[in-house]
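Student: I've got a structure to go through and would like to talk it over. Can we take it step by step?

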Amino acid sequence: MIKRLQLFVAAFAILAFSPLLASTSDPSPLQDFCVAINDTENGSFVNGKFCKDPKLFSAEDFFYSGLNIPRNTSNPVGSTVTPVNVAQIPGLNTLDISLVQIDYAPYGGLNPPHMHPRATKILVVLEGTLYVDFVTSNTDNRLITKVLNPGDVFVFPVGLIHFQFNIGNTKAVAFAGLSSQNPGVITIANAVFGSNPPINPDVLTKAF
């Protein structure tokens, strides 16, 4: 009887804590939304931002305009990423979703190797032809590649290094949804070779 009771208590404890062990994302919000504000006097702090009083929000808190405007890609990598996250739409706070528009210059426009520490990305091509990839984690480090045309969709799993490269002779445009209000981005070359202060050259020499 005592042994059975002990087993029951152990099983109950495992079941009780399993949601905590299995959870890989922020808990669901306890209200319809939490419009982000910078006012620390008249808000409550939720998931990295202060919440506006629900009585004071407006449609503008959930709105952004301008993704119909082509971006300038005259830069060293030949691409421009236009984010639409909680910084642009305060109403995205706690909703675990955001968007980017990516414009690529004709042949050679590159969204360089990078990763999003807090989000999976799903990308759809509107114009042009993109060569895309992601690399799996150690120790396999498999390169998963695909050529995408208008209407094609590709998924980049959270935390994995990936890029997009325009292999067409015309400009390319893509939109991507990300599973975080603030997915973050780490551009590999910038992080490794452009850190502040710089990484010790002896470390880089041995690593590469």
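Tutor: Sure, and one definition before we start: a contact here means heavy atoms within 4.5 Å. Keep in mind as well that this is a predicted model.

Student: Okay, so among contacts between residues at least 6 apart in sequence, what percentage join residues at least 24 apart?

Tutor: Take the contacts in the protein chain whose partners sit at least 6 apart in sequence. Then ask how many of those join residues at least 24 apart, and the share is 70%.

Student: How many helices and strands does the protein chain have?

Tutor: Strands come to 13 here, with some helices alongside. The full tally for the protein chain is three helices and 13 strands.

Student: What about burial: what share of the 208 residues is buried?

Tutor: Buried means under 20% relative accessible area. With that cut-off applied to the 208 residues of the protein chain, the buried share is 30%.

Student: There's an open sheet of five strands; which strands stand at its edges?

Tutor: The order is S4-S5-S12-S7-S10, with antiparallel pairing. An edge strand has a single partner, so one side of it is left without a neighbour in the sheet. Neighbouring strands are turned by 20° against each other on average, direction ignored. The edge strands are S4 (79-84) and S10 (153-156).

Student: Let's zoom in on one edge. Which residue of S5 is the bridge partner of Val81?

Tutor: S4 runs antiparallel to strand S5 (residues 98-104), and six bridges join them. In that S5 strand, Val81 is partnered by Ile102.

Student: And at the other edge, which residue in S10 does Ile122 stand opposite?

Tutor: Strand S7 (residues 121-127) pairs with S10 in the antiparallel sense, over four bridges. Opposite Ile122, in S10, you find Val155.

Student: Along S10, which side chains point to one face and are buried?

Tutor: In a regular strand the side chains alternate between the two faces of the sheet. S10 shows that alternation: Val153 and Val155 point to one face and are not buried. The buried ones, pointing to the other face, are Phe154 and Phe156.

Student: Now the UniProt annotation "binding site": what is the largest C-alpha distance among its residues?

Tutor: The annotation comes from an unreviewed UniProt entry and covers His114, His116 and His162. They are spread over 49 residues of sequence, yet they cluster in space. The largest C-alpha distance is 9.2 Å.

Student: Is His114 buried or exposed?

Tutor: His114 lies in strand S6 (residues 110-115). Its contacts, leaving aside neighbours within four places in sequence, include Leu160, His162 and Ile186. The relative accessible area of His114 is 3%, and the cut-off for buried is under 20%, so His114 is buried.

Student: Which backbone oxygen does the side chain of His114 reach?

Tutor: The side chain of His114 makes this approach at 2.6 Å. The backbone oxygen it reaches is that of Pro112.

Student: What is the relative accessibility of His162?

Tutor: His162 is in strand S11 (residues 162-166). Not counting residues up to four places away in sequence, it touches His114 and His116, and also Asp133 and Phe156, among others. His162 counts as buried, at a relative accessibility of 1%.

Student: Which backbone nitrogen does the side chain of Gln181 reach?

Tutor: Gln181 sits in the loop between strand S12 (172-178) and strand S13 (186-187). It is buried, with a relative accessible area of 6%. At 2.3 Å, its side chain reaches the backbone nitrogen of Thr94.

Student: What is the phi of Thr94?

Tutor: Thr94 is in the loop between S4 and S5, and at 7% relative accessibility it counts as buried. Asp96 is found in that loop between S4 and S5 too, with a positive phi near 60°. Thr94 is not a glycine, yet its phi is positive, about 75°.

Student: Where is Pro197, and what is omega for the peptide bond from Asn196?

Tutor: Pro197 is in the loop between helix H2 (188-193) and helix H3 (201-207). The peptide bond from Asn196 to Pro197 is cis, with omega near 0°.

Definitions and conventions. Residues numbered from 1 in each chain as written. Predicted model: local features only at pLDDT ≥ 70, side-chain atom pairs only at ≥ 80, totals over all residues. Heavy atoms only, no water. UniProt positions renumbered as here; feature names shortened; annotations may be inferred. Helix = DSSP H or I, 4+ residues; strand = E, 2+ residues; numbered from the N terminus. Buried < 20%, exposed > 50% of the residue type's maximum accessible area, 1.4 Å probe, protein only. Polar contact = N/O pair within 3.5 Å; in protein donor to acceptor, adjacent residues only side chain to side chain. Pairing = 2+ DSSP bridges. Axes fitted to C-alpha atoms, helices over the stretch in contact; angles between N-to-C directions.
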